[in-house]
Every structure is written in structure tokens, then in C-alpha cells.
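User: Please take a close look at the surroundings of the ligand in this model. I would like one connected account of that part.

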Amino acid sequence: MTLNSVQLTYFNIAGKPSTAALGENINLLLKDAGVDYTYRRISHDEWKDIKEDLIKKNVACPTAPFVEVDGKILTKSVPAMRYLSKKLGKFSTKMEIPLTF
Ligand SMILES: N[C@@H](CCC(=O)N[C@@H](CS)C(=O)NCC(=O)O)C(=O)O
């Protein structure tokens, strides 16, 4: 299964390596799965407006990292990874994976 229009958003943390913190788990999942995606690194100044936009879109947990895929917004890193894994056919659960918890 291919995933379309995938964008991961997470903070660019000053003074830390680009691999630091929660965004990296999803980044590696997408990279290892060979997904064509963009990784948008944002500043804390940019976050205010982005968070407001997530709230306007009724995203239940407006935090970073989040992934936009096929017009959906996935928040919370572990649920997002479960959802992506299932869509990629790498998670053989019969459960419906919610977009967020
Ligand atoms: N359990 C969540 C934690 C998400 C979280 O708390 N993210 C922090 C950055 S590491 C955040 O978005 N902080 C800004 C905010 O809550 O407005 C996950 O795994 O994604």
C-alpha cells in the first residue's frame, strides 16, 4: 500500500541533533518503509499558528509531532505509528486503529 501526500511536522530543537525527541520515531518509520514524505521542521515561534490551525480543524490532541496523510491528521507519536504501520500492511492487527487517542 502506498501513502500519498505525507508530511511529518515536528520542532527543530535548537542545540539538539536533528534526530532528537519524538519526531524521530515517525521519521525513521517513514524512511525505513520507503515512503515518499516531507519532514517539516518548525520553530517554536511558528508552532503557535500551526497549533491554532490544528484546533480549528478539531484535531483532538493538537501536539507535535503530527503527520498529515491522505487528508488526515495523525497526532500522538505511538498511535500515529500504529496507524501508518497498519496502512503500510506491516501491522497485522484486525483492530481498527483510531486516528488519535
Ligand atoms: N504523547 C505525545 C506527546 C506530544 C507532545 O507533548 N509534544 C510536545 C513536544 S515534544 C508538544 O507538542 N508541545 C507543544 C504543545 O503541547 O503545545 C506524543 O507521543 O506525540
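Analyst: In this predicted model, the ligand is surrounded by Ala21, Leu22, Lys51, Thr63, Ala64, Pro65, Lys76, Ser77 and Val78. By character, this shell comprises 5 nonpolar, 2 polar and 2 charged residues.

Two members of the shell, Ala64 and Pro65, are joined by a cis peptide bond with an omega of about 5 degrees. Pro65 belongs to the loop between helix H2 (44–56) and E3. The loop between H2 and E3 also holds Asn58, a non-glycine residue whose phi is positive, at about 60 degrees. Asn58 has 8 C-beta neighbours inside 10 Å and therefore counts as exposed.

Lys76, another residue around the ligand, lies in the loop between E4 and H3. Its phi is likewise positive, near 70 degrees, and Lys76 is not a glycine. Because Lys76 has 19 C-beta neighbours inside 10 Å, it counts as partly exposed; the threshold for a buried residue is 20 or more.

Ser77 of the shell is one of the buried residues of helix H3 (residues 77–87), together with Ala80, Met81, Tyr83 and Leu84. Viewed down the axis of H3, the buried residues occupy an arc of 165 degrees, so they line one face of the helix. Their cover includes helix H1 (23–32), strand E3 (66–69) and strand E4 (72–75). Just beyond H3, Gly89 adopts a positive phi of about 75 degrees.

Methods
Residues numbered from 1 in each chain as written. Predicted model: local features only at pLDDT ≥ 70, side-chain atom pairs only at ≥ 80, totals over all residues. Near = placed C-beta within 6 Å. Nonpolar A, V, L, I, M, F, W, Y, C, P; charged D, E, K, R; others polar. Buried ≥ 20, exposed ≤ 12 C-beta atoms within 10 Å, placed from the backbone. Helix = DSSP H or I, 4+ residues; strand = E, 2+ residues; numbered from the N terminus. Arc of directions from axis to C-beta. Contact = placed C-beta atoms within 7 Å.
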